[in-house]
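Visitor: Please take a close look at one part of this structure with me. I am new to it, and I would like to see one stretch in detail and then follow its links outward.

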Amino acid sequence: MAKIYLSPALHGSDNPTKCEGKCSENTHCGQYMDIVEKRLKALGFSVKRGGPATGTDAMIDRVAESNAWNADLHYVAHTNAGGGRYSMTMCWDDSTNKSAANILHKHRKTVPTTHKVVVNRELYEIRATKAVCLYDELIFHDNAADCQWFHRNMAKMAEDTVRAICELYDVPYRTEKEPVPADDGKSKGFTLKREPLYVSASAKTAAGTATGTYYRWDKAVVSGRVRITVRPEWVGKAGYVTGWVAEKAVK
């Protein structure tokens, strides 16, 4: 399954905001990422999140962890300052990263201001990660109206992000209230022998092979592939997708 590394704001000197009550950039970006993390895991993604340490050294450690894990997507969430009124996704200047950023742009429908995609070659997390990196500046935290909107609509904005990541990796999207579509034959294992195993339904190159007994994680079929897991009790359970294989291999 696609590996998503999450990196919420981690400023060593945290930024104050115009939010009501006790808040900061690190605080509300962490709350936003809590929602993204929970939803991605529920949809079967493999998710790793940067630890609570802050500052430049922690940022370098996060990039190293993301690279060592071979993440497919390194997703960063910050909020902005300086008097603007827009939402922005930054990315590296190549077709793969810009294409991913434009998918997020397409789904960034809830923001009360404009959203734009901007190429950035300077920020460390963008230039040093091996994975595709999407670096969000969600709203302007020095604007009281933006802050109020963000705290009331954080879940909606997080859901936009989850929808985009699902599209990016050809994972069937479902709302939080929709149950995992059960596999009618989920109690029946099947045997695979050196079957190509992919991290997504659209991956062109196999990440490895699958040999042994497996079970369909759900009944969804995308681009002729299905998700599998290694134990019957893991069927439909968040975080327990082994990967994708050809549907014909499990029939």
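Guide: What follows starts with one helix and then moves to its partners. First, some ground rules. This is a predicted model, so local features need pLDDT of at least 70, side-chain atom pairs count only at pLDDT 80 or more, and totals for chains, interfaces and linings use all residues. Residues are numbered from 1 along each chain as its sequence is written, while side-chain values use heavy atoms and leave out hydrogens and water.

Our part is helix 5, residues 144–168. Helices (H or I, at least four residues) and strands (E, at least two) are DSSP runs, numbered from the N terminus. Begin at the N-terminal end, where Asn 143 acts as a cap. One of its side-chain oxygens lies 3.0 Å from the backbone nitrogen of Ala 145. That is a polar contact: N or O atoms within 3.5 Å, one able to donate a hydrogen and the other to accept it, with residues adjacent in sequence counted only if both atoms are side-chain atoms.

Further along, helix 5 kinks by about 75 degrees, centred on Asn 153. The bend is the angle between axes fitted to the seven residues ending at a residue and the seven starting there. After the helix comes Asp 170, with a positive phi near 55 degrees.

Now the charges. Side chains of opposite charge can pair when their charged atoms come close. Here a salt bridge means a Lys or Arg side-chain nitrogen within 4 Å of an Asp or Glu carboxyl oxygen. The structure has 11 of them.

One joins Asp 146 to Arg 85, with closest N and O atoms 2.7 Å apart. Asp 146 sits in helix 5, but Arg 85 is in the loop between strand 3 (73–80) and strand 4 (86–91), so the bridge ties parts that are 61 residues apart in sequence. How accessible are the two? Buried means under 20% relative accessible area, exposed over 50%, and partly exposed in between (1.4 Å probe, protein chains only). Asp 146 is buried at 2%, whereas Arg 85 is partly exposed at 40%.

Another bridge from helix 5 pairs Glu 159 with Arg 39, at 2.7 Å from N to O. Arg 39 belongs to helix 1, and 120 residues separate the two partners. Both Arg 39 and Glu 159 are buried.

Follow that link to helix 1, which spans residues 25–42. There, Asp 34 forms a salt bridge with Arg 49, again 2.7 Å between the closest N and O atoms. Arg 49 is in strand 2 (residues 46–49), 15 residues from Asp 34. Arg 49 is partly exposed at 23%, and Asp 34 is partly exposed at 42%.

What about cysteines? A disulfide needs two cysteine sulfur atoms within 2.5 Å, and the count is 0. Cys 19 is in none; the nearest cysteine sulfur, that of Cys 147, is 3.3 Å away. Cys 19 is buried, at 10% relative accessible area. Cys 29 is also in no disulfide, with the nearest cysteine sulfur, that of Cys 23, 8.6 Å away. Cys 29 is buried too, at 0%.

For contrast, look at Lys 248, in the segment after strand 10 (243–246). Lys 248 is exposed, at 71%. Its C-alpha atom is 8.1 Å from that of Arg 225, 23 residues away along the chain.
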